[in-house]
Amino acid sequence: MKKNLTKEILIENIKDYLEQEKLSKERAMALLDELKLEAMEEFVQEGHFVLKKKNKIQKFDADKLYNSIANASDDAKRPMTRSDIDLLIDKVKKYMESSGKNLIHTNKIRDIVMETLKDYGFKTVAEHYEKF
């Protein structure tokens, strides 16, 4: 990147591109999220990290994910065993490893968990997990 490229010039170029492509607001936001994620990956070191909703980056915490799923299970009155929840967490970890990316957005984790819960017959738990 050129040293004289200022933030204002970068923003102006992005605006011009979005207007030129005539993208819907939804598609423009999705594209900007993708760009943000790709740019942030350049700065993340080894390990797996999660991009939170307000652009905060945290180290992936399997215990936190476990607790979220367990709480959803309790709220749904559909008890899940430790091994049930561990299978879900393993699915998220495998995705992270196979994607080759160190940074994953919380929305992607949510999608994986929701899909897997439904696939394993925990539809009610998935509905409660979505609320977390």
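Q: Is K22 buried or exposed?
A: In this predicted model, K22 counts as exposed, because its relative accessibility is 73% and the cut-off for exposed is over 50%.

Q: And where is K22 placed?
A: K22 sits in the loop that runs between α1, which covers residues 7-21, and α2, which covers residues 25-41.

Q: What about its backbone, what is the phi of K22?
A: The phi of K22 is positive, at about 55 degrees, although K22 is not a glycine. As background, most residues other than glycine have a negative phi.

Q: Which other residue that is not a glycine has a positive phi, of about 60 degrees?
A: That is K77, which has a positive phi of about 60 degrees without being a glycine. K77 lies in the loop between α3 and α4, and with a relative accessibility of 66% K77 counts as exposed.

Q: OK, switching to the inside: how many residues are in the largest nonpolar core?
A: The largest nonpolar core has 24 residues, and the ones with the most contacts inside it are L65, I109, L117 and Y129. The elements giving two or more residues to this core are α3 (62-75), α4 (82-99), α5 (106-119) and α6 (123-130).

Q: Which residues does L65 touch, leaving out those up to four places away in sequence?
A: With those sequence neighbours left out, L65 touches F60, I89, V92, I109, V113 and Y129, and I109 and Y129 are also among the residues with the most contacts inside the core.

Q: Now V50, where is that one found?
A: V50 is found in strand β1, which is made of residues 49-51. V50 counts as buried because its relative accessibility is 8%, and buried means under 20%.

Q: Which residues does V50 touch?
A: Not counting residues up to four places away in sequence, V50 touches K56, I57, Q58, F60, L103, I104, T106 and I109. If you want a distance to check in the structure, the C-alpha atoms of V50 and F132 are separated by 16 Å, and these two residues are 82 residues apart along the chain.

Q: What about H105, is it buried or exposed?
A: H105 counts as buried, since its relative accessibility is 18% and the cut-off for buried is under 20%. H105 belongs to strand β3, residues 103-105, and, apart from residues up to four places away in sequence, H105 touches L51 and K52.

Q: How far apart are the C-alpha atoms of H105 and F49?
A: They are separated by 8.6 Å, while the two residues are 56 residues apart along the chain.

Q: Let's do pockets: what is the volume of the largest pocket?
A: The largest pocket has a volume of about 440 Å³. Its lining has 16 residues, and those lying nearest the centre of the pocket are K52, K64, S68, T106 and Y129.

Q: Which element gives the most to that lining?
A: Helix α5 gives the most to the lining of the largest pocket, with 4 residues, and β2 (57-59), α3 and α5 each supply at least two.

Q: How many of the lining residues are nonpolar, polar and charged?
A: The lining of the largest pocket has 6 nonpolar, 4 polar and 6 charged residues.

Q: Back to single residues, which backbone oxygen does the side chain of S73 reach?
A: The side chain of S73 reaches the backbone oxygen of R78, at 2.5 Å. S73 has its place in helix α3, and S73 is buried, with a relative accessible area of 2%.

Q: Which residues does S73 touch, besides those up to four places away in sequence?
A: S73 touches R78, P79, M80 and V125, so R78 turns up both in this contact list and as the residue whose backbone oxygen the S73 side chain reaches.Q: Last ones, where do T116 and Y95 lie?
A: T116 lies in helix α5, whereas Y95 is found in helix α4. T116 is buried, with a relative accessible area of 2%, and Y95 is partly exposed, with a relative accessible area of 32%.

Q: And which residues do they contact?
A: Leaving aside neighbours within four places in sequence, T116 touches L88 and K91, and Y95 is in contact with I104, K108 and I112. For Y95 and K108, the C-alpha to C-alpha distance is 9.8 Å, and they are 13 residues apart in sequence.

Key:
Residues are numbered from 1 along each chain as its sequence is written. This is a predicted model: local features need pLDDT of at least 70, side-chain atom pairs count only at pLDDT 80 or more; totals for chains, interfaces and linings use all residues. Side-chain values use heavy atoms; hydrogens and water are left out. A nonpolar core is a set of buried Ala, Val, Leu, Ile, Met, Phe, Trp, Tyr and Cys residues joined through side-chain atoms within 4.5 Å. Buried means under 20% relative accessible area, exposed over 50%, partly exposed in between (1.4 Å probe, protein chains only). Contact means heavy atoms within 4.5 Å. On a 1 Å grid over the protein atoms alone, a cavity is a set of points where a 1.4 Å probe fits but cannot get out, and a pocket is an open set with protein on both sides within 12 Å along at least five of seven lines; lining residues have an atom within 4 Å of a point. Grid points are joined across faces, edges and corners, and a volume is the space filled by probe spheres set on the points. Ala, Val, Leu, Ile, Met, Phe, Trp, Tyr, Cys and Pro count as nonpolar, Asp, Glu, Lys and Arg as charged, and the others, Gly among them, as polar. A polar contact is a pair of N or O atoms within 3.5 Å; within protein, one must be able to donate a hydrogen and the other to accept it, and residues adjacent in sequence count only if both atoms are side-chain atoms.
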